[in-house]
Amino acid sequence: MITIKGLRQGLLIILGEGAWHDTLRELEARLVNSANFFKGGLVALDVGAQSLAADDIERARMLLSSFEVRLGALITQDAGTAAAARSLGLGPTLPAPADPTPARRTAVAAVRATEGVEPAEAGLPATSVSEPLDGGTDGILARRRVRSGQVLRHPGHIVVIGDVNPGAQLIAGGDIIVWGKLQGSAHAGALGDTGAIVGALVMQPSTLRIADTQLIQTGKERRRDAGPRVARVNADGIEITIWQEK
Amino acid sequence: MQATVITITSGKGGVGKTTTAANLGCALALRGQKVVIIDGDIGLRNLDIVMGLENRIVYDAVDYVEGRCKLKQALIRDKRAPELYLLATAQTRDKTAMNPEKMSALCDELRPDFDFIIVDSPAGIEQGFETCLAPADRCLVVTNPEVSSVRDSDRVIGLIESKEKDRTTHLIINRLSAARVKKQDMLSVEDIQEVLSTAIIGVVPEDESILSSTNKGVPVALGGKGAAAVAYSEIARRLMGEDVPLQPLQSGGFLQRLFGRS
């Protein structure tokens with residue numbers, strides 16, 4: 001059984017007990033099923049009390065990297081496994097992301113907006129502790145403008161208060177709500193939930209996906225009347241409708 | 001004296017960073033400020049050419065950092081303004097010759113003797129950019145009124161905001177043609193402002209005199225005529241803390257609407 005959680009710095013994948021070979025198979029299946037969710041991500045693997053050699057860990061790293069996922073940390077309760085991880089340059093915590101929220105914002109926003117934001121560049125100092133968010137994986141709130149090149153990724157929901165600029169990316173296991181203008185790309189239900197929705201005050205995504213369904217854009221969307229819209233999957237693909245309570 | 005370090009950056013190449021650095025340096029120096037302009041584009045130096053000081057270079061910033069000369073020897077005095085200096089970069093080295101720590105240390109050494117230190121950053125968002133950003137107190141992001149340039153500026157502003165150090169970031173919109181905006185061939189100031197939501201410190205209009213001045217090595221800000229020269233001089237005054245309203249472009253008038261003045 002594999003569990004995925006959101007960390008401040010990236011994703012936490014908690015692997016179950018069992019033969020390492022089978023565990024990796026299961027991990028591979030998850031990666032195959034949700035390739036777009038993981039692609040480009042930074043993960044910490046929690047292997048519990050399993051005793052692993054450096055070769056075992058290296059196989060996991062190779063598997064992840066074949067899906068363009070970077071292994072940044074290995075969490076273990078076994079001293080031998082920890083030593084093996086260290087020999088591969090893997091500590092127990094992910095490198096801290098550069099703080100995208102300078103001190104001039106309010107304290108609450110500052111704390112929340114950093115959650116789930118990935119470091120734009122590698123090689124950042126490893127100071128922060130990688131702990132799962134309180135209450136698990138419900139979601140993150142980013143109270144700021146998400147700019148080109150920035151990625152918000154979370155296994156739960158993503159709420160942005162602010163605009164999502166062209167070139168920015170939101171990838172959520174659950175729903176995506178943008179209280180602002182959505183012009184970047186959005187992928188809701190990226191872990192397979194076809195019931196996920198994408199809502200935005202102004203819906204102008206460059207690409208929009210829900211689970212495995214991609215929105216086919218005709219080019220007419222941008223001229224549609226402004227106003228809140230919600231995207232859902234129906235039998236014909238993704239449908240965008242005016243936002244109203246049912 | 002304690003200089004303000006201003007880093008001029010953009011992400012995209014060819015938008016006019018070097019021209020902006022040279023002209024703002026000249027404009028500030030002509031207003032009595034003591035200015036040094038540092039060329040941060042190691043291996044591809046051209047600030048000295050734009051400034052017309054190419055044949056004056058004996059030592060450069062890398063020579064100083066690596067201990068081959070004194071700081072005074074590397075500072076090239078531009079006699080066209082009272083107190084204007086250029087710190088050139090090495091042409092035969094690559095970007096690894098400098099790093100954020102070395103650049104910060106260099107600027108800290110210069111700070112007591114100047115009012116403004118202008119750092120001309122290379123294109124891109126890699127090491128050269130990081131090196132030039134490190135010492136900055138404030139950043140000027142140069143953008144052209146076109147989609148790809150604005151997109152890159154957005155990326156760069158995001159990177160600047162992601163640093164621990166809190167910096168003032170302003171936008172310079174370079175090469176704006178009011179006529180082409182009117183024909184909707186070009187993004188307007190409002191379009192750019194909407195995406196970047198960063199305060200504009202100046203709009204430099206498209207000006208043919210820039211091209212010839214660049215080739216001659218005489219920045220337009222030294223001549224003082226033409227629309228671009230006026231724009232640079234106004235940006236310099238704003239950098240010095242003066243309250244200079246943004247002027248409406250000749251055939252536009254949209255700036256007036258934008259800033260609510262009649």
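**Entry 1. Burial and make-up of chain A**

I looked up burial in chain A of this predicted model: buried residues make up 41% of its 246 residues. A residue is buried if 20 or more other C-beta atoms lie within 10 Å of its own, exposed if 12 or fewer, and partly exposed in between, with C-beta atoms placed from the backbone. I noted the conventions: residues are numbered from 1 along each chain as its sequence is written, and chains are lettered from A and ligands numbered from 1 in the order in which they are written. I also noted that local features need pLDDT of at least 70 and side-chain atom pairs count only at pLDDT 80 or more, while totals for chains, interfaces and linings use all residues.

The secondary structure of chain A consists of 5 helices and 15 strands; these are DSSP runs numbered from the N terminus, helices being H or I of at least four residues and strands E of at least two. Among the contacts in chain A with a separation of 6 or more, 46% join residues 24 or more positions apart. Two residues are in contact if their C-beta atoms, placed from the backbone, lie within 7 Å.

**Entry 2. Confidence**

I then checked pLDDT, the predictor's confidence in each residue, from 0 to 100. Chain A averages 81, and 79% of its residues score at least 70. Residues 98–116 of chain A have pLDDT below 50, and this stretch has 40 contacts in the model beyond near neighbours in sequence. Residues 119–135 of chain A also stay under 50, with 37 contacts beyond four places in sequence. Where pLDDT is low, the predicted coordinates should not be read in detail. For chain B the mean pLDDT is 89, and 94% of the residues reach 70 or more. The model scores ipTM 0.78 and pTM 0.77.

**Entry 3. Q150(A)**

I located Q150(A) in the loop between β5 (139–142) and β6 (151–154) of chain A. Q150(A) counts as buried because it has 26 C-beta neighbours inside 10 Å. Its C-alpha atom is 5.2 Å from that of A168(A), although the two residues are 18 apart in sequence.

**Entry 4. Chain B as a whole**

I counted 13 helices and 8 strands in chain B. Of its 262 residues, 53% count as buried. Its radius of gyration is 17 Å, which agrees with the value near 18 Å for a compact globule of 262 residues; the radius is taken over C-alpha atoms, and the globule rule is 2.2 Å times the number of residues to the power 0.38. Along the principal axes, the C-alpha atoms fill a box of roughly 55 × 40 × 30 Å. In chain B, 76% of the contacts with a separation of 6 or more are between residues 24 or more positions apart.

**Entry 5. P135(B)**

I found P135(B) in the loop between α6 (127–133) and β6 (138–143) of chain B. With 25 C-beta neighbours inside 10 Å, P135(B) is counted as buried. Not counting residues up to four places away in sequence, P135(B) touches V5(B), M103(B), S104(B), C107(B) and V119(B). The C-alpha atoms of P135(B) and S233(B) are separated by 24 Å, with their positions 98 residues apart along the chain.
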